[in-house]
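This report covers salt bridges, one internal cavity and a surface patch. The sequence and structure come first.

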Amino acid sequence: MAAVLYRLGRFSFRRRGRVLAAWLILLALLGGAAAAFSGPTTDNFTMPGTESQRALDSLRRQFPQAGGTTGTIVVAAPEGGRLDPAAVAPIVREAAAVPGVLAALDPFQVGAVSPDGRHALVQVQFASPLDKVTDAQRAAYEKAGASVQGLRVEHGGEVMKAEVEIGSTEAFGVLVAAVVLVVTFGSLVAAGMTLLNALIGVGAGMAGLFSLSGVVELSTVAPVLALMLGLAVGIDYSLFITSRYRQFLAEDLEAEEAVGRATGTAGSAVVFAGATVIIALAGLAVVGIPFLSVMGLAAAATVALAVLVALTLLPAILGFAGARVLPRKQRAGKASDDGREAMGFRWGRLVTRLRVPVLVVAVIVLGALALPARDMRLALPDAGTAAEGSAARRAYDLISEGFGPGFNGRLIAVVTGDDAQATANAAKQAATAIQTTPGVLAVAPPQANPQGTTALLTVIPKTGPADAATEQTVHTIRERLNGIEGAHIALSGVTAIGIDVSAKLADAMPVYLLLVVGLSILLLLLVFRSILVPLKAALGFLLTIGATFGITVAIFQQGHLADLLGVGRPGPLVSFLPILLIGILFGLAMDYEVFLVSRMREDFVHGDTAQQATVNGLGHNARVVTAAALIMTSVFGGFVFMHDPIIKSMGFALAIGVLIDAFVVRMTLVPAVMSLLGRSAWWLPRPLARVLPNLDIEGESLNHRTEETVPPVLTGS
């Protein structure tokens, strides 16, 4: 492995002009393809095989006029007043005139007026699903009722789900990353070059992703996740290779040889670190939820591109930079050595000396942080978690004020029979069963399609969509509907969809963990040629993920420090956050494991004792891993400032997870455990040692390489 990457690094260095031109041409082609072929992203969550999805599919086939997205316009009179039908009528007419609207229902005709007469709901039915509604249609919908004076008019409903905007808050993460790089390298050239390299890679990845969005249904979260990871790992991978290149330059190697050796050693770690992230993300496809599969594959492709950029474009850019990646004093030969050990070496000696107390304290602290995770609840986000002051949140709060929280989370029972009579009988029985269910406020009369073979019942629960009581109501309704014969009945709605997503993810989790963790441990076994190191890495991750879940639950669900992070309203975590977080953090945790432990193994293979190799591995890489963790945290942390509750919680959880894993687990617990294990950390049964290939990520073969062994193809100019 090291020899192959060594040759690749030297080739890119010598042909740097052509390599840079090739990447810039590819970036331009992908950008053009994105501009020409990109399509809209969507918030549609399809979950084949679930009851809620069967209900929605049945509506689209048998009741298309009820299959489009919906809007709810909330009208309120001044405090102490009552609504006049004549004053509300213009709002209904303007809503009905919005392009793409099939109907807008007069609240006084359908009984959608609060008991005190102060609030009313204008239900608006669009012909198209949410992802087909244009910005012009949404803008026209928001203007409905603007001509009415003296009434408060708020616009909510599914149609108000705004597309996540990319390009605002992530600039914060890039700015922090730039500062960290300058401090780490002490050179503007090195910092700028590393950042530029990562930005070219993430630009190509995002352009490629959007170029496929015209033929692949892309969720609004997928590009954000791809951008998060592309930026974070792109900067980190370039940082590791550049740092090793600077080290070799400082040892008086020629620039070309330094690039080759940096790519062969640090580049090997980048390949396997990237492979663990790719496995974890691509493994999301086994869950069987299309939007999650696309999200994982899109992010995995972006990470793969970041690895490729680091191995090819970075050596080329290093060729242009030359010795300017070193601080000015070091280039001038004026760098001084005050005789003090680097902080990483001092920390390594302290941790290995106090390994038992360090282990005990760290495990207790991480275990305590994980305690809130016991109360974790999962659901799909609703407008109640939207940012304060947003249109969707204002409408949500006004509906809750006038009608109760249940009107924000209506359930839909879809009754489908072989003929009109059977459907009508089953719908009548279903309405009776639902009406007498605890937790149900009201059931609207059945609405049938023209053929009478499908009926729609709208159910209003007493509690909000994210309330635990509403989840129990859904379970009870489904149990009661199971006993009705003569037709097929399926229940959907925000709460029902959230329950089904959580159940499907829970069923898929064991398979996912077995696949991802199993493949990653096998990969680490190949990398380190050790049984105990991969197991230690996986056990350390359990501590990371437990503490991360605990802190995230404490803030986003229980509300501690929620105002500080701008959390609109505490509530359940989004259903797919746990499996997504496990996959991403596992991959990133193995990143730091590979970078740190590969250097420990490198020194051990080259003759150091196990104890000294542990200290050396931490000493040489502590500064770089610290910088990498701070950069990754800042990139993820930048997304905490977004208003979307899914992105906010995802960005926070990833940021805090990286901090815990890098500083507590990898840079504290790992050296403590490696010190306890000693030489046995590198134990590998002889039969297994004979079977496993020697990948040589330590670059042992490079120590015996001379210029004469370089293939002729690399000697061209």
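Is Arg60 buried, partly exposed or exposed? Arg60 is partly exposed, at a relative accessible area of 41%; buried means under 20% relative accessible area, exposed over 50%, and partly exposed in between (1.4 Å probe, protein chains only).

The model is predicted, so local features need pLDDT of at least 70 and side-chain atom pairs count only at pLDDT 80 or more, while totals for chains, interfaces and linings use all residues. Residues are numbered from 1 along each chain as its sequence is written, and side-chain values use heavy atoms, with hydrogens and water left out.

**Salt bridges**

The structure holds 18 salt bridges, a salt bridge being a side-chain nitrogen of Lys or Arg within 4 Å of a carboxyl oxygen of Asp or Glu. Three of these pairs are listed here.

| Pair | Closest N to O distance |
|---|---|
| Arg60 and Asp57 | 3.3 Å |
| Arg261 and Glu257 | 2.8 Å |
| Arg478 and Asp500 | 2.9 Å |

Arg60 and Asp57 both belong to helix α3 (residues 51-62), where they are three residues apart, about one turn of the helix. Helices (H or I, at least four residues) and strands (E, at least two) are DSSP runs, numbered from the N terminus. Asp57, like its partner, is partly exposed, with a relative accessible area of 29%.

Arg261 and Glu257 are four residues apart in helix α10 (residues 255-282), again about one turn. Arg261 counts as buried at 14% relative accessibility, and Glu257 is buried at 12%.

The side chains of Arg478 and Asp500 also meet in a salt bridge. Arg478 lies in helix α17 (residues 468-481) and Asp500 in helix α18, so this pair ties together parts that are 22 residues apart in sequence. Arg478 is buried, with a relative accessible area of 11%, and Asp500 is buried at 9%. Elsewhere, salt bridges that share partners join Arg10, Arg14, Glu256, Glu257 and Arg261 into one network.

**The cavity**

How many cavities of 30 Å³ or more are there? The count is one. On a 1 Å grid over the protein atoms alone, a cavity is a set of points where a 1.4 Å probe fits but cannot get out, and lining residues have an atom within 4 Å of a point. Its volume, the space filled by probe spheres set on the points, which are joined across faces, edges and corners, is about 40 Å³.

The lining consists of Leu378, Ala379, Leu380, Pro465, Glu471, Val494, Thr495, Gly498 and Ile499. Two elements, β5 (378-379) and α18 (494-528), give two or more residues each to this lining. Helix α18 supplies the largest share, four residues. By class, the lining has six nonpolar, two polar and one charged residues; Ala, Val, Leu, Ile, Met, Phe, Trp, Tyr, Cys and Pro count as nonpolar, Asp, Glu, Lys and Arg as charged, and the others, Gly among them, as polar.

**The surface patch**

Val286, Val511, Leu515, Leu519 and Leu522 form a nonpolar patch on the surface, with about 380 Å² of accessible area together. Patch residues have over 30% relative accessible area and no salt bridge, and nonpolar side chains (Val, Leu, Ile, Met, Phe, Trp, Tyr) are joined within 5 Å. Accessible areas come from the Shrake-Rupley method with a 1.4 Å probe. Leu515 sits in helix α18 and is partly exposed, at 32% relative accessible area.

Notes
On a 1 Å grid over the protein atoms alone, a cavity is a set of points where a 1.4 Å probe fits but cannot get out, and a pocket is an open set with protein on both sides within 12 Å along at least five of seven lines; lining residues have an atom within 4 Å of a point. Patches are made of residues with over 30% relative accessible area and no salt bridge: like charges are joined within 9 Å, nonpolar side chains (Val, Leu, Ile, Met, Phe, Trp, Tyr) within 5 Å.
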